[in-house]
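Biologist: Could we go through this model together, feature by feature, with the general idea before each particular case?

Modeller: Gladly; let us put the structure in view and begin with the whole chain.

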Amino acid sequence: MEALDMTPAPTSGKQRWDVNVGVGLFQAVVHCPDLDLLTHLLGVFPQSSVGLAHLVAPSATYDVESMRLPGTVEYRVVRNGQEVLAASSWGQLAGWIEADLTLSAARFLGSRYHLVHAGAVAWKGKGILIPAESGAGKSTLVAVLTLLGFAYLSDEFGVLTKSGRLLPFAKAI
């Protein structure tokens, strides 16, 4: 991964970073006060960047706030202006944001393209879908194929255009 611009976003006294999360053509911005959450999101969503200008208008905006209380930290998440989560642990916060970003990306892309629950790779410019139920081994097969030189597109969804072109829905395997 190339060096990232770790410049904090302007705030009213608190340090925050803008994380630009990309899943396929879906783009979201997470205004993030926590370097651990920032690192987690960059690991899960490989098309993400920190503090860089948006190439497209984001499909969703998340504002994450943390409040330190004696012996604990409370987190609050606002998505597109509406409070959607109050979390009392970092694990709950990170898991929820990861799941919500994935679901939001699927809804966004599903309104424009045909989604297939499948692994997806490419070989010599041709897309290959590997449809299967959850737990059947799609992620494992996709991981092995990428080790053999196939291009990774997704281990969750195949995103198909009307013309049959396969688009990426890349998350970390």
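**Reading the model from surface to core**

Modeller: The protein chain exposes about 9400 Å², and carbon and sulfur atoms supply 56% of that area. Please keep in mind throughout that this is a predicted model.

Biologist: What percentage of the 173 residues in the protein chain is buried?

Modeller: Buried residues account for 39% of the 173 residues in the protein chain, where buried stands for a relative accessible area under 20%.

Biologist: How many helices and strands does the protein chain have, and what pattern do they follow along the sequence?

Modeller: There are 3 helices and 11 strands in the protein chain, and, read along the sequence, they follow the pattern β-β-α-β-β-β-β-α-β-β-α-β-β-β. Among contacts in the chain with a separation of 6 or more, 52% join residues that are 24 or more positions apart.

Biologist: How should I read the packing of two helices?

Modeller: Two packed helices are described by the angle between their axes and by the distance between those axes. Here, helix α1 (residues 35-44) and helix α2 (residues 90-110) have axes that come within 11 Å and cross at roughly 35 degrees, and the crossing in which α1 passes α2 is right-handed. On the α1 side the contact is made by D36, L37, H40, L41 and V44, while α2 contributes W90, L93, A94, I97, E98 and L101. Sorted by class, this contact of α1 with α2 has 8 nonpolar, 1 polar and 2 charged residues.

Biologist: Which residues of the largest nonpolar core touch the most other members?

Modeller: The general idea is that, in soluble globular proteins, nonpolar side chains tend to be buried together. In this model the largest nonpolar core has 33 residues, of which V19, V30, L37, L41, L93, I97 and L101 touch the most other members. At least two residues of this core come from each of β1 (17-23), β2 (26-32), α1, β4 (60-69), β5 (72-79), β6 (82-87), α2 and β10 (157-160), and α2 gives the most, with 7 residues. Another core, of 7 residues, lies apart from this one, and among its members are A118, A120, L160 and L166.

Biologist: If I follow L93 alone, which residues is it in contact with, leaving aside its neighbours within four places in sequence?

Modeller: With those neighbours left aside, L93 is in contact with L37, V64, Y75, V77, L85 and A87.

Biologist: What should I look for in the backbone angles?

Modeller: Most residues other than glycine have a negative phi, and most peptide bonds are trans. N80, which is not a glycine, has a positive phi of about 50 degrees, and N80 sits in the loop between β5 and β6. K124, not a glycine either, has a positive phi of about 50 degrees, and its place is the loop between β7 (114-123) and β8 (126-131).

Biologist: Why does K124 count as exposed?

Modeller: K124 counts as exposed because its relative accessible area is 72%, and the cut-off for exposed is over 50%.

Biologist: May we apply that reasoning to other positions, and set sequence distance beside distance in space?

Modeller: Take G149, in the loop between α3 (138-147) and β9 (151-154), which is exposed because its relative accessible area is 52%; G149 and W123 are 26 residues apart in sequence, with their C-alpha atoms 8.0 Å apart. T39 belongs to helix α1 and is exposed because its relative accessible area is 51%, and T39 lies 20 residues from V19 in sequence and 9.6 Å from V19 in space, C-alpha to C-alpha.

Biologist: And what of E83, and which residues does E83 touch beyond those up to four places away in sequence?

Modeller: E83 lies in strand β6 and counts as partly exposed because its relative accessibility is 44%. Beyond its sequence neighbours, E83 touches R76, V77 and V78, and the C-alpha atoms of E83 and Y62, which are 21 residues apart along the chain, are separated by 9.5 Å.

Biologist: Finally, is A170 buried or exposed?

Modeller: A170, in the segment after β11 (166-167), is buried because its relative accessible area is 8%. A170 and G22 are 148 residues apart in sequence, yet their C-alpha atoms are 8.5 Å apart in space.

Methods: Residues numbered from 1 in each chain as written. Predicted model: local features only at pLDDT ≥ 70, side-chain atom pairs only at ≥ 80, totals over all residues. Heavy atoms only, no water. Axes fitted to C-alpha atoms, helices over the stretch in contact; angles between N-to-C directions. Helix = DSSP H or I, 4+ residues; strand = E, 2+ residues; numbered from the N terminus. Left-handed = near helix turned anticlockwise from the far one by under 90°. Contact = heavy atoms within 4.5 Å. Nonpolar A, V, L, I, M, F, W, Y, C, P; charged D, E, K, R; others polar. Buried < 20%, exposed > 50% of the residue type's maximum accessible area, 1.4 Å probe, protein only. Areas by Shrake-Rupley, 256 points an atom, 1.4 Å probe, with all protein chains shown as cover. Core = buried A, V, L, I, M, F, W, Y, C linked by side-chain atoms within 4.5 Å.
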